[in-house]
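Reader: I'm new to this structure and would like a close look at just one part of it. Could you pick a spot where two helices meet and walk me through it, then show me what else is worth a glance?

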Amino acid sequence: MSGALSVRGVSKRFGDEPVLDEVSFSIAEGRSLVLLGHSGSGKTTILRLIAGLEKPDGGEIYLRGRRIDPLRARDRNIGVIFQNYALFPGMTVVENIGFGLRIRGVKRAQWVEAALRLLEMVGLTEQREKYPSQLSGGQQQRVAIARALAYQPAMLLFDESFSALDPQTRVGLRREIRGLLQRLRIPALFITHDQEEAMELGDQVAILNQGRVEQIGTPREIYEHPRTEFVATFLGAANVLTGRWVEGQVLLAEGRQLWVDGGEPARAWRAAQPLKVVFRPEDVQLGAADRHGEEREGQLSLGWGEVLEVAFSGASEWLVVGLHGEETADARSVAVGELRQQDRPVRLKVSRTKWEAHTLRLAPGDRVSVGLRAVQLLVD
Amino acid sequence: MTWGNSGEQPGRPRPWARDGVPVSSSVDLARPVGISLILFAMVPLVILPLSSIFIYGLSKGPVHFWQALMAPAALFSLRLSLMTSAVATVCNVFFGVIAAYVMSKYRFRGSTALMITISLPTAIPTAVAGFALLLLWGRSGLLGQFLERTEYQIMFTTAAIILANIFVTFPLAFGVIKPALDNLDTNYEDAAETMGASRWQTFRYVVLPSLRGAILTGALLTFARSIGEFGSTIMVSGNLPMRTQTAPLYIFTKFNEGDIEGANAIAAVLAALSFVIFSVILLTRGRFDR
């Protein structure tokens, strides 16, 4: 299945600077993909290439089976919602929405009618005679969406379309748009640097780093099984420890050992293979100091740590736990000496639910046992 | 509310606490002194000379003023000035929009040189401009010698006045429209293009409407400058009463003949006109910038 939109090996450079390097992805019919990346990762360039506002240096772009990269922007039939909406300031809301039909030679009565229907859909009928400058940011965005939908585009592109809105409007609008897209069954590509937005809007998320797609998958896949450190730390918070693969277990640079099942990939690992151990703040389980020696079934232990910081944020509690390397120097001291890199304690980000925090109250200075519910091993 | 960041933090000074307090409690002298200085310079240099036109005009009574104004040569010179200025304005606004669009959208070899050439007429003395036109179109001029063999003539006709006006006011509209175009967010054009608009439709419906303010200002500036043009006009028009005598030339001629009242009547009209034009420019500024 090639999908509604298919981007194949697209490259782009500005002068000598490569911006996109062989980027490929596709969006299924009626689905949405979020391109998530820092500014400068090339995500806006991808959007402009698909829209036809830039020409690729290599690769091909297909929309519903038709190759579109040689076409002019105006022949591609794509709806774009720009970052600042780009509503025409001299036209009323109705005129803005009707513009796409009007330039296609549709009679005034008809495009006005179509515009009013779309306005009703986005709930702005009362604003029809207003000018864009008289609307709030959220209203402007609805008009921009209605305007892009008016000429029945083959797909929608959203360029950081939520970044200018205040947080409450943003959350509400995201839900609305998600619902709208599902009803209309129109494929959509979102560009954003906001991971929360990516999780909520994307059926699929593609993580872009320096012009390359690092990973594509459902938000859940990417969050639970990041394939690179960049992906792990970009989508959500993550702890990353370095270590080596020694005799079927991971020996951490901090001098601790961790029994982890390396799974299928581990067969290919050589002795002392450098590895990264990645785990989420909520994967860390803290235990009381008096329950020494107790290890829960199926849980990995990092040994002892010290609570350094505690911050309460409503539904959850955020902690920083320090691991001191020297405490756990053990029999494998040769390897440990080689691997120990830093004198300062390793700082782990830990989150606990309100109820976990109630069960075991912790304050800075407390000694805790540190267990892991899940980890991801990445080859360095 | 569960998000802690909106709560009050009593220990930390609020950053906006300072804003309500004046910088200094003493009286700010810069304002009255500055305004007085401007008025002090304006009164003898601009306001009094202009007032004297109206004071003189009315000193002999409105009837005299009216008669001087209604003299056929006076009315003719006003009409000629308005007409030639209007034509020059239309030409230069049309040219200015196109030139501004090209110079703003495209970078090409020699674009800087072209930019300088377009702006050059601002710096050329108007008498030099008129002289240059004479050398080109005059009886033995570069092109004029060919015209000489036909029945057509350009120099010492209305066409010459228009040519001189165009030359002298060439960069004015361009100079106002180009910055407006440079500042226009290209997102509007991108948006129109993705919606299916052709280059022309984008220009017609998106670019041009957002230039309304700049076009009006540019047109009024061009018109105001044209209507007062003297140096180049006196060289190329021949200053023939009832034929090629514009309003400024009429003032000059009447004054030389000792007809102060005649000169003053037209001077008063021109002064009032420029007052109206610049009031329109200043009052409409901002109206179009939505």
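Author: Let's take helix α3 of chain B, residues 72-105, and helix α10 of chain B, residues 212-227: their axes come within 8 Å and cross at roughly 140°. Angles over 145 degrees would count as roughly antiparallel, so at this angle α3(B) is oblique to α10(B). As for handedness, α3(B) passes α10(B) in a right-handed crossing.

Who makes the contact? On the α3(B) side you'll find S81(B), L82(B), T84(B), S85(B), A88(B), T89(B), N92(B), V93(B), G96(B) and V97(B). Facing them from α10(B) are I215(B), G218(B), A219(B), T222(B), F223(B), S226(B) and I227(B). Sort the residues of this contact by type and you get eight nonpolar and nine polar ones, with no charged residue.

Keep in mind that this is a predicted model, so a word on confidence helps. The model scores ipTM 0.81 and pTM 0.80. Chain B has an average pLDDT of 87, and 89% of its residues score at least 70. Residues 1-22 of chain B are another story, with pLDDT below 50. Beyond near neighbours in sequence, that stretch has five contacts in the model. Where pLDDT is low, the predicted coordinates shouldn't be read in detail.

Now for a loop in chain B, the one that runs between α6 (144-147) and α7 (158-183). R149(B) sits in this loop, and because just 7 other C-beta atoms lie within 10 Å of its own, R149(B) is exposed; the cut-off for that is 12 or fewer. Measure from C-alpha to C-alpha and R149(B) is 9.7 Å from R139(B), with their positions 10 residues apart in sequence.

F156(B) also belongs to the loop between α6 and α7 of chain B. Its backbone has something to look for: phi of F156(B) is near 65°, a positive value in a residue that isn't glycine. F156(B) has 18 C-beta neighbours inside 10 Å, so it counts as partly exposed.

Chain A offers a positive phi too: R185(A), which is not a glycine, has a phi of about 55°. You'll find R185(A) in the loop between α5 (167-184) and β8 (188-192) of chain A. R185(A) counts as exposed, because it has 10 C-beta neighbours inside 10 Å.

Methods. Residues numbered from 1 in each chain as written. Chains lettered and ligands numbered in written order. Predicted model: local features only at pLDDT ≥ 70, side-chain atom pairs only at ≥ 80, totals over all residues. Axes fitted to C-alpha atoms, helices over the stretch in contact; angles between N-to-C directions. Helix = DSSP H or I, 4+ residues; strand = E, 2+ residues; numbered from the N terminus. Parallel < 35°, antiparallel > 145°, perpendicular 65-115°, else oblique. Left-handed = near helix turned anticlockwise from the far one by under 90°. Contact = placed C-beta atoms within 7 Å. Nonpolar A, V, L, I, M, F, W, Y, C, P; charged D, E, K, R; others polar. pLDDT = per-residue confidence, 0-100. Buried ≥ 20, exposed ≤ 12 C-beta atoms within 10 Å, placed from the backbone.
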